[in-house]
Amino acid sequence: MKKNIPFQMDRGNAASSTWYLPDGAIARLGKGNVMDMVLSPDGILLAIGSYLGLWWYDVPNRSLLTLWEAGKTITTVAFSACGEWVATGSWGAPIKIWDVKSGNCLAELARDKSGYATDIVFSSDRKRLVVGGSTKHFNPEKRLYCSVEVWQLPENLQDCTVAARPEREAIYVGTNPLAFSPDNRLIAFASPDGIPEPFHTNGYPVIDGRWILASNRVVVYEMATGQHLVTLDGLNDVSSISFSPSGKFLAACDWKGTTHVWEVAEKPSPETHSWNLHKVYQELRDNGSHSISYTPENRLLTTVCAYRDNTFSVHDLENSETLYKHPKETGYYHSDFSKGVRLAFESEYNVHIWAAGENRPISLEHTMGVFPQSLQFLSDGKTLLSKSGYSGIFSWDVTHPDHLPHIFKPLGMKPDSDEWGEHYFSLDVSPEGKHFVTSGDESNIRLWELGYDAPLVTFPLQDEPCTAAFSPTANLLACRDETNRIHIWDITTEDIYDTYIGGEAYDAPYLTFSPDGAFLVSTPFQFYDVSQRKTVDQFSSDDGFDFLAFSPNRLQIWCDFSNDTIDLWDFQQDAEILSLPKPECWQEKDINAFAVSACGQYLACSPYTWTNEESVCVWDIHKGSEPIVTFKLTESLRCLAFSPDNVLLAGASSTGTILLWDLKPFINSS
């Protein structure tokens, strides 16, 4: 393979933040949540499957090359043995085989739409492709699609003729991980425990199951005959399978970190019943995720993503030796361990590629994909903050959308624990323009000033918090715990200000102060008068109110009152004072993302349709009931935010990225 590959989609000098944009958007922050990554056999190319498509990198030159399948979620990626082909899987879509040099799609392997591919493996002779997958995929009957498919690949696949199309050779009940023996005679894969006899839909086995199958055994089949040869037990949810290059051993690792190695029978057959257990490498006490691979010299290595210290490391199991440990925190992200020679793994800002024998990895800039739960501009209009659960607070420069963000995550993973650690609940701004972050774990709630590495105050809890908010005008911190109890603390005195019982939250619970701090609203539309220290019984979710946001006027709220309108309701008048009809295509749909400008004149919102036909509308409430602009989308939005001057609209996308729209032409013309 040549180093400089003539990719079909040449992006030239265009910034990657503009490569794939929906209607009217000017930039995209981030490259989407990563689903899979794989290195080419020679280590020159790195392909990253994401919610946004398939990203390609030139590893030696540390450069981004292009984006394939833009707008499609790529769940799994695999190179052929020589690297000339690459296969991709996606949700409810065919497996595609591509010619790497030309970018041409050589074949599409149709699959049942009830599931998606979770693993793909080429045989080393390029004659077969094996696909594993399992998911219920919103199946109301709670049945689990679970299959391992074997496809025969013609030698002249690149002719793209009818005669050269792949044919499905066999299908088994099983799931990933998958592995071929070096001579391609055997295929091994994980098998779910205690499954009933499967029935078939469109030729695919479907079984009664749970969201996550415990696959505690490995089954081995002979490719030529399709015969089941052996079942290997004793594992605790199989995470990785590898044959030794010599073909003498089969190793399997489980999620506990225990690795079993069996001797492969010289003449495998169903009559041998079992294979001899050669060795067991006991659990590595880090409670992380593990992946094993044999080196070309038949050394068995394992990679460990440790939950306790949030690091990646490579270990030689036979010699109990640590070959490499990444010096910085990486997080629980995707990795690829190619033939025990190269390791690719993702951190918050980069993808790192480490080669055996090297002291330092090659690093490529690739921001971790996250799903922001709130967005907020700073007063300069250039800095956009996004909050994302356990991932922290991301600070983006919207004037340079290709630059990496700064991440505020002072505690990281919880030391000496299997827990994810701090959850970042809210991002609030004071009248002085200071930003405060609320975070918590199973036993504490904390308030931080953005940028400082020590919390301002910490309060103990009896029950785990699920959401929190800081008052914009007073030194009050509110927290809702998993028992629906709402606690309010005075952070100056560190005393409890009040405690009361909130309503039952069936969806994601919210907790929000009014702009002047006079009211606190919580799921399901329960109002609390802060100065009176009592709940307000005037409103109830039983009345059909679905709270969206406070208006700048504390006595007015925006709510999703009916299937047809978005309404502004006045507390004092106890009446609707403005009603905006929803676009016709939004009828009967809930509002998913909503934002009001700081001046209160503009609002933006987007519904949740569960389709690729999404949209976001912007209204000027002084100019009538029709939106001043509607942007079409093929992805849903989780939240929205206006810049202080109303020129920019930011939307957090379901792809794990943030979209930016320029509103200046529409505001001026309205």
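1. Two strands are said to pair if DSSP finds at least two bridges between them. With that in mind, isoleucine 95 stands opposite leucine 109 in strand 9, and the two strands concerned, strand 8 (residues 95-99) and strand 9, run antiparallel and are joined by four bridges. The model discussed here is a predicted one, and each point below should be read on that footing.

2. The pair just described belongs to an open sheet of four strands, in which the order is 6-7-8-9 and the pairing is antiparallel. Strand 6 (74-79) and strand 9 (105-109) form the edges of this sheet, each of them pairing on one side only, and from one strand to the next the twist averages 20 degrees.

3. On the overall make-up, the protein has 58 strands and one helix. Of its 670 residues, 55% count as buried. Among the contacts in the protein with a separation of 6 or more, 44% are accounted for by residues that are 24 or more positions apart.

4. Strand 2 (residues 34-39) deserves a careful look, since six of its six residues are buried and the strand is therefore largely enclosed by the rest of the structure. The cut-off behind that statement is a relative accessible area under 20%. Strand 2 pairs with strand 3 (residues 45-50) in the antiparallel sense, over five bridges, and within this pairing leucine 39 is found opposite leucine 46 of strand 3. The two strands make a hairpin with five residues between them, where glycine 43 takes a positive phi near 75 degrees.

5. A second open sheet of four strands may be compared by eye with the one in point 2; here the order is 28-29-30-31, again with antiparallel pairing. Strand 28 (335-338) and strand 31 (362-365) stand at its edges with a single partner strand each, so that one side of each is left without a neighbour in the sheet. The twist in this sheet averages 10 degrees from one strand to the next.

6. Inside that sheet, strand 29 (residues 342-346) and strand 30 (residues 350-355) are paired in the antiparallel sense over five bridges, and leucine 343 stands opposite tryptophan 354, which is in strand 30. When inspecting such pairs on screen, it helps to recall that in a regular strand the side chains alternate between the two faces of the sheet.

7. Which elements give two or more residues to the lining of the second largest pocket? This pocket holds about 390 Å³ of space and is lined by 16 residues, of which His326, Lys328, Asn350, His352 and Ser363 lie nearest its centre. The elements in question are strand 30 and strand 31, both of which appear in the sheet of point 5. By class, the residues of the lining divide into six charged, five polar and five nonpolar.

8. Enclosed space is a separate matter from open pockets. Rolling a probe the size of a water molecule over the atoms shows where empty space is left. A search of the whole structure finds one cavity of 30 Å³ or more, and the largest cavity has a volume of about 40 Å³. The lining of the largest cavity is made by Ser16, Ser17, Thr18, Trp19, Tyr20, Arg28, Gly30, Leu52 and Trp55, which by class come to four nonpolar, four polar and one charged.

9. Some backbone geometry calls for checking residue by residue. Most residues other than glycine have a negative phi, and most peptide bonds are trans. Arginine 62, although it is not a glycine, has a positive phi of about 55 degrees, and its place is in the loop between strand 4 (53-58) and strand 5 (63-68). Asparagine 298 likewise has a positive phi, of about 70 degrees, without being a glycine; this asparagine lies in the loop that runs between strand 24 (289-294) and strand 25 (300-306). With a relative accessible area of 35%, asparagine 298 is partly exposed.

10. Where does the model contain a cis peptide bond? Such a bond joins asparagine 176 and proline 177, with omega at about 5 degrees. Proline 177 is part of strand 14 (residues 175-180), so a colleague viewing the cis bond will find its proline within a strand.

Definitions and conventions: Residues are numbered from 1 along each chain as its sequence is written. This is a predicted model: local features need pLDDT of at least 70, side-chain atom pairs count only at pLDDT 80 or more; totals for chains, interfaces and linings use all residues. Side-chain values use heavy atoms; hydrogens and water are left out. Buried means under 20% relative accessible area, exposed over 50%, partly exposed in between (1.4 Å probe, protein chains only). Axes are lines fitted to C-alpha atoms, for helices over the stretch in contact, and angles run from 0 to 180 degrees between N-to-C directions. On a 1 Å grid over the protein atoms alone, a cavity is a set of points where a 1.4 Å probe fits but cannot get out, and a pocket is an open set with protein on both sides within 12 Å along at least five of seven lines; lining residues have an atom within 4 Å of a point. Grid points are joined across faces, edges and corners, and a volume is the space filled by probe spheres set on the points. Ala, Val, Leu, Ile, Met, Phe, Trp, Tyr, Cys and Pro count as nonpolar, Asp, Glu, Lys and Arg as charged, and the others, Gly among them, as polar. Contact means heavy atoms within 4.5 Å.
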